[in-house]
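User: I am new to protein structures. Please take a close look at the site around the ligand, and then show me what else the chain holds.

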Amino acid sequence: MTKYVSTRGQSPAVDFATATLNGPAPDGGLYMPQELPHYSTSEWHDMAKLSYQDLTHRLLLPFVGDCITSERLAELIRDAYQGFPAAGAPLVQLGHQQWMLELYRGPTLAFKDYALQLLTRIFRELLSQRGEKLVLLGATSGDTGAAALAAVAHQSGLGIIMLHPHERVSPIQRRQMTTLDASNVRNLAIEGNFDACQDIVKALFADRDLRQHLPMSSVNSINWARIMAQIVYYAASALSLGAPNRPISFCVPSGNFGNVFAGYLAKTLGLPIERLVVASNANDILHRMISHNDTVLQQVVPTLSPSMDIQIASNFERLLYLLNAEDGSRTAADIQGIRDGSMTQLEPVVYARLTQTFSAGMADDAATVAEIRYIAETTGLAIDPHSAIATKIAREKATSDEYPMVALATAHSAKFPNAMQAALGNAIELPASTANIVQREEKFEVLANDTALVKDHLINEFADYAQH
Ligand SMILES: *Cc1c(COP(=O)(O)O)cnc(C)c1O
């Protein structure tokens, strides 16, 4: 059965259930499967015949091991993806060999729904096996919070509280979080910025008394189960565009590196993925690292694609671990060096391995707006700023007109009215499934930027979840 080990090599191997419920490993690293399966061409041919749900089951079962029965896993998958398009992830053609994978048709109109809808059901299942309850705690600047709250609403055994910066998230994103009618979700608006919210969350996780009292886990933490769910749409789209008989490349708008890392895993499982192109906005550490072997961190600047306004891409650690031939101590030293600035380049052999598969590009806000216009003019589609960065860089980096390049579209353009207004002169209407958030009553409390106040609030609101 698959065991999970830490990318930093200092924590004992655990099973899928522990890796999922723990979040990060005790040594601060991220969990990775000790072994990754590899599928043959004929196995991929068989998988090409499966529905999205059945393909999910086929690919995820080996990772779950016997922590969840095969039948139960199939039920969780069916339940998680019932609100999604029947095709799972629809492909749209943009030009010769240029495609776009629409990952924004789930309940909160962001690709994070694919991972979080399934993750929360897996959490519920593992908790009910153990007869335990858990409160998920997180800070959000928009998309993650909306997707996580929607996925947790009405899941028994799970509660969730999300902190967002008061008056600093877009009204649509706030309404997606605050109009959910579920007794197990809570929203706090903190009088401060996103960093203030994140600092409070970190302080609460570090509070031993609180953790003794209230079992907590994180949705911001870089959970293996989130990554594994994302492998499936790479496989489904590759198979529907001719894999395993012909190669395919993907271009992925990236922030924390979770999405594109799932693409790398799809390649490791045996799909003929030629290139993975990482698309960055002005916060371009990933682009600098991949294109120029420059790992120097810079200040985060706000852009039109806020979900990519990140400098420390946590999941890059997982790739580094694989590029370091699964050497945990080396990976720990590299991550430390990048964070404290003592390391400014990857070792030549590691960099060479990285660029065997990865390329990268950057689009600033002006280029993003121009690309939204270009796609609207050439195809009639209104794509969001994150997706636009991907379609632009996909065209620039396509290395062959023999086989497909797929840009991942990660959010619906209705979520970003300011950017769409700037690009097209008008905002985009919300799809009917979501439009009612505009009328629904909002529920959230505003609290001062004060960890002690948030702690009291948490203890009161989630008294039912306390350990006795
Ligand atoms: C989270 C997010 C991203 C970045 O994905 P990572 O897995 O963090 O690289 C890109 N676009 C949108 C719309 C997102 O919400």
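Analyst: Start with one term: a residue is near a molecule if one of its heavy atoms lies within 4 Å of it. Keep in mind that this is a predicted model.

By that rule, 15 residues stand around the ligand. Those that come nearest are Lys 112, Asp 143, Gly 255, Asn 256 and Thr 410. Sort the shell by class. Eight of its residues are polar, five are nonpolar and two are charged.

Now look at single contacts. Lys 112 uses its side chain: an N or O atom there is 2.5 Å from an oxygen atom of the ligand. Gly 255 uses its backbone instead, with a polar atom 2.8 Å from a ligand oxygen. Phe 257 also offers a polar backbone atom, and here the distance to an oxygen atom of the ligand is 3.0 Å. How much of the ligand does the protein cover? On its own the ligand has 390 Å² of accessible area, and the protein covers 95% of that.

Next, the pockets. The second largest pocket holds about 400 Å³ of space. Its lining counts 18 residues, and Pro 107, Thr 108, Ala 150, Leu 180 and Arg 440 are the closest to its centre. Three helices give two or more residues each to this lining: H5 (112–130), H6 (143–152) and H19 (432–435). By class, the lining of this pocket has nine polar, six nonpolar and three charged residues.

Then come the closed spaces. A cavity is a set of points where a 1.4 Å probe fits but cannot get out. There are three cavities of 30 Å³ or more. The largest cavity has a volume of about 150 Å³. Its lining is made of 13 residues. Gln 311, Ile 312, Ala 313, Phe 316 and Ile 338 lie nearest the centre of this cavity. Helices H12 (285–292), H13 (316–323) and H14 (328–340) each supply at least two lining residues. Nine residues of this lining are nonpolar, two are polar and two are charged.

Finally, step back to the whole chain. It has 20 helices and 13 strands. The chain is as compact as a globular protein of 468 residues, because its radius of gyration of 21 Å is close to the 23 Å that the globule rule gives for that length. Along its principal axes, the C-alpha trace spans about 60 × 55 × 50 Å.

Methods. Residues are numbered from 1 along each chain as its sequence is written. This is a predicted model: local features need pLDDT of at least 70, side-chain atom pairs count only at pLDDT 80 or more; totals for chains, interfaces and linings use all residues. Side-chain values use heavy atoms; hydrogens and water are left out. On a 1 Å grid over the protein atoms alone, a cavity is a set of points where a 1.4 Å probe fits but cannot get out, and a pocket is an open set with protein on both sides within 12 Å along at least five of seven lines; lining residues have an atom within 4 Å of a point. Grid points are joined across faces, edges and corners, and a volume is the space filled by probe spheres set on the points. Helices (H or I, at least four residues) and strands (E, at least two) are DSSP runs, numbered from the N terminus. Ala, Val, Leu, Ile, Met, Phe, Trp, Tyr, Cys and Pro count as nonpolar, Asp, Glu, Lys and Arg as charged, and the others, Gly among them, as polar. A polar contact is a pair of N or O atoms within 3.5 Å; within protein, one must be able to donate a hydrogen and the other to accept it, and residues adjacent in sequence count only if both atoms are side-chain atoms. Accessible areas come from the Shrake-Rupley method with a 1.4 Å probe; for residues, only the protein chains shown count as cover. The radius of gyration is taken over C-alpha atoms; the globule rule is 2.2 Å times the number of residues to the power 0.38.
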